[in-house]
Amino acid sequence: MHAEEKLTHETWPAEPEKSTLEAKNKFLGFWFFLGGETVLFASLFATYLALKDKVPDSTHTLAKDLYDLPLTFVATMLLLTSSLTSVYAIYHMKNFNAKKMNLWLIITVLLGAAFLALEVYEFSHYVHEYNHTFTSSAFGSAFYTLTGFHGAHVAFGLMWFLTLIIRNSKRGLDLYNAPKFYIASLYWHFIDVVWVFIFTVVYLMGMVG
Amino acid sequence: MSTYAQKKGFGATLWDFLTTVDHKKIAILYLIAGGFFFVIGGLEAVFIRIQLAVPNNDFVSAGLFNEIITMHGTTMIFLAAMPLVFAFMNAVMPLQIGARDVAFPFVNALGFWLFFFGGVFLNLSWFFDGAPDAGWTSYASLAMASKGHGVDFYVLGLQISGLGTLIGGINFLVTIINMRAPGMTYMRMPLFTWTTFVTSALILFAFPPLTVGLVLMLFDRMFGSNFFVTTMGGNTVIWEHLFWIFGHPEVYILILPAFGIFSEIMPMFSRKRLFGYSSMVFATVLIGFLGFMVWAHHMFTTGLGPVANAIFAVATMAIAVPTGIKIFNWLLTMWGGSVKFTTPMHYAIAFIPSFVAGGVTGVMLAVAAADYQYHDTYFVVAHFHYVIVGGVVFALLAGTHLYWPKMFGTMLNETLGKITFWLFFIGFHMTFFIQHFLGLWGMPRRVFTYLPGQGFETSNLISSLGAVFMSLAVLVLLYNIIMTSVKNVRVGNDPWGDGRTLEWSLPSPPPFYNFKQLPLVRGLDAYWLEKMEGKKGMTPAEPLGDIHMPNSSFLPFMMSFGLFVAAFGALFNMDDKAWSIPVLILGLLITFGSMFIRSVKDDHGFHIHKEELMDDEDKGVKA
Amino acid sequence: MKRLAKWRLISIFAILSLILSGCGEPFLSTLRPAGEVADIQYDLMKLSTWIMVGVIAVVMVIFFIVLFKFRRKDEKIPKQVEGSHKLEIIWTVVPILLLLILAVPTVAATFKLADVSPMDKEDSDALVINVRSNLYWWEFEYPDQGIVTGQDLVVPTDEKVYFNLISSDVKHSFWVPAAGGKLDTNTENVNKFWLEFDSAKAKEAGDLFYGKCAELCGPSHALMDFKVKTVSRADFDSWVADMKDVKEPAKADTALAQQGQEIFNKSCISCHAVTPGNTTPPEARFAPNLTNFGERSRIAGVLDHNEDELKNWLRTPEKYKPGNLMTDKYPQLSEEQLDALTAYLMGLKVEE
């Protein structure tokens, strides 16, 4: 089965993301990549925990007075929902429905963009209200690095989805591009899971003290 | 498409290598680049030994000495040993599992070029104001205090080349899982393939902490963050942890493939299957696993407290068990065998006592309370050179002689090979054995000189003389390579006559698609089994058909080159140079532009048709 | 064959030198333990070495049998052996047992060497010394005695001495090989441990042990030496009393030295103190305290303690300790000024 063959609804396989050797390789390789990413974020989490509330003097705001829970809760909901919408997109991909897949992907991108906007607002809030900046303390450096790395991943994910949508808008699905959509959505879920940990470890545990 | 047999001009050959995605050619690139950096790192080692030959020497200044030791360590680990290991993995592993290429040929090429440009970037520091001087471990307080751009070159260079290594690791993992030939079950895989597999897993999990550590240091030095700034709440011990969570698995990343190479050589030249194959596989996996549990033994004197020190001491000792299993299995492989003393076998045999010596000092170092004495002395220097030179470098030299015919189609001269071996073997022990005692007598490591009257003079001189022998050995090897290439006597499939694994069933070098028909693997040492039944080659597992191959591409080179350019921009932006930001942007545009092209341009590869394969047969190329 | 002859010659030299230097110098070598900590560590070294020598012996016996007995003599194919469970179990279990024998004393010693509980006890009479490492020099503060000194650490013999270790700038490591293993001086936290100096062994070493920095800290890492003077408890107490007597900077007694003192007060005193009281906060002590400079064993930790070397050092410190922080901190000194300053500094003594 060659990847570039034109397929119909009938010949479309059940698992298009794993139907050629190239696709299988991509699928497995990407899982390994996510394994590496997990260690990367684990290292950033460890650094954050080691430097949490490590500030030069008492004029600096500490975690428990800093975080705004309602705001991050909304952000969390946005990102969780976007994960769900990307599941719908992949559902339609598996059903060989490029149109609906694109629709749900666009919704995913919009939700992700909204999340990013909230994060930017949150950061500027901390900087202006609390003078909590990247260079103000080790705590600040660790906080912005961890959340910033995640934010950069979100931004990259958005660009990835957009590129895929635009590139494939005319030609529909085939076995060459279907795995690409699939792994992009895997990546998106991973970002979502990382955020769940950030929400728990940084924000919830930060509120507790 | 069967152009590989034709004579090509220099330009065409160069372009071929710049764009190749063929694992065999990438292996040659790794071998050349790694060999080049090995010579540079070796020269740095010679400078170190000249400086330390006599007390109060002024061959190099104190500051320059620190740059030399930093670059010696960094170059040897990241730019010589790892790429050379990757050279053999690329050259041999796909052949051993009966694959036509790796899972991601494009990524394979990208991995090489990232390593290459990262390495070149790091070494260019010599020509801008000075190389990094905080040691290869680059401990944060010293690295933060280091003036000039040396440490920035270190951080950016390693970041780029580390990325290349990481994607290389993922590539090998997927290749081994997905692309084994019919019948090649996991427990029939040659040991070198197994060690490649475990090593790749170690790379995957060990490099991200290094990436994070480098990012933190980059941010601190370039953007004023405070991870390692104590007065702002920072903590330099974080760097030590991140570095060694990477750094300890790193030594297993180096030594496991070396184990793999020796596990190929010993059965071959003993004509006897590997003793205790399953326990060898088990020991490899166990060493890889335990490798992540012991990093803090590099930090016994950091002050982590007795609980942490005791736990890490015991965990470290545990690694001796699987390593011991391996040593005895190797000995018993040769026991009762028919041992032929070829050049690779010389290294394999010398490896056993050398590595055991390094291993037992490793156990001594694991004794935390006693390590307070050994730590950061020449005892440690002796220990890790015994394992890395006596293990890894011996394996790389052995592999060079063993696989040269498979990679280049001609044999290195055996007499010269044995001369190389003896010079290197004698020089190695002369240089490093005495260093154990220097450490115990109170000589710290990384000292640019020592004062007379402390009992260090004679031993340092002996050590320096040993370096002369090792240098001569490398010169003989280079001479051997040149003479062999000039003579270029072609050899057949199995030039050693004792090949056991699939790569020896193929022509030397193999055609670019490796296997015309995928072979049917019927057991461990697949080719040996067929030979023993009197067959000439492997039984095919599929009818002759079209073969799908990937297209060559210049994009991996461009992506890596873009990062190389961008790194210069980032680095000189610290000096507020006007041109730095445009250079940074230009570099990133090249990289992301190439990535964009790669994303949007479909690349389906091409097919070699059955008819062409049959033509090849007519021309006398056997698959 | 010439190569072989050379090799033989060198190996004879190697063996000779081994026999001659044996276990290294008594003031420096870890193999000449001069105190409880070094003794414990030396015992562990010996234990691990004996176990390891045993392992090496077994490996080498098999190795040489293989080397000589199983050379290829004909083209016969040897029997293909898969393995042997019995053997494999033996060489798994025996090493585990050996490691257990090693692990138990390791853990015990690790805890023993980290036991600094007397430091925290109220009104304990344990001697505590604060070590502060700086770019290429060491400061030793005796908090209970209220005195600060540098470069030469003075300790009483035959009792446990407790240390608080920290660094002012980059990470260093505090190591007196003959007395015991090292501990790092970190930039962010205080590390604590103890050492003990045996009076009989100290005598063998001339009552002066070598101390070293064991962590790469910059160009002059190799030259960041210090010395440990061992004295009896009584002598230690009188040294402390002598030091404490210096309440004001000592008046120079000759005209030349007085001239030197004026130069010192103009150019040096902003960094170098000449009274042992620790009124300046630790962060503000930029250079070694010179109260008892005339009684030190080395200049700048590495040069012989005489007037010529002192002048050399004052002329071009950069030449003797590259990257040190003293260079260019004071105006160029003329030869007359050097004479005067040297006379003054060499006269800084506290012991009667």
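Helices here are DSSP runs of H or I with at least four residues, strands are DSSP runs of E with at least two, and both are numbered from the N terminus. The model is a predicted one, in which local features need pLDDT of at least 70 and side-chain atom pairs count only at pLDDT 80 or more, while totals for chains, interfaces and linings use all residues. Residues are numbered from 1 along each chain as its sequence is written, and chains are lettered from A in the order in which they are written.

**Exercise 1.** Describe the make-up of chain A, beginning with how many helices and strands there are.

*Solution.* Begin with the count, which gives 6 helices and 0 strands in chain A. Next, take the order from the N terminus, which reads α-α-α-α-α-α. Then consider extent: along the principal axes, the C-alpha atoms of chain A fill a box of roughly 65 × 30 × 25 Å. Finally, of the 209 residues in chain A, 41% are buried, where buried requires 20 or more other C-beta atoms within 10 Å of the residue's own, with C-beta atoms placed from the backbone.

**Exercise 2.** Work out which chains touch, and what chain B gives to its contact with chain A.

*Solution.* Two residues are in contact if their C-beta atoms, placed from the backbone, lie within 7 Å. On that basis 2 pairs of chains are in contact, and chains B and C share the most contacts, whereas no contact joins chain A and chain C. The contact of chains A and B takes 32 residues from chain A and 33 from chain B. On the chain B side, α7(B) provides the largest share, 9 residues.

How values were computed
A residue is buried if 20 or more other C-beta atoms lie within 10 Å of its own, exposed if 12 or fewer, and partly exposed in between; C-beta atoms are placed from the backbone.
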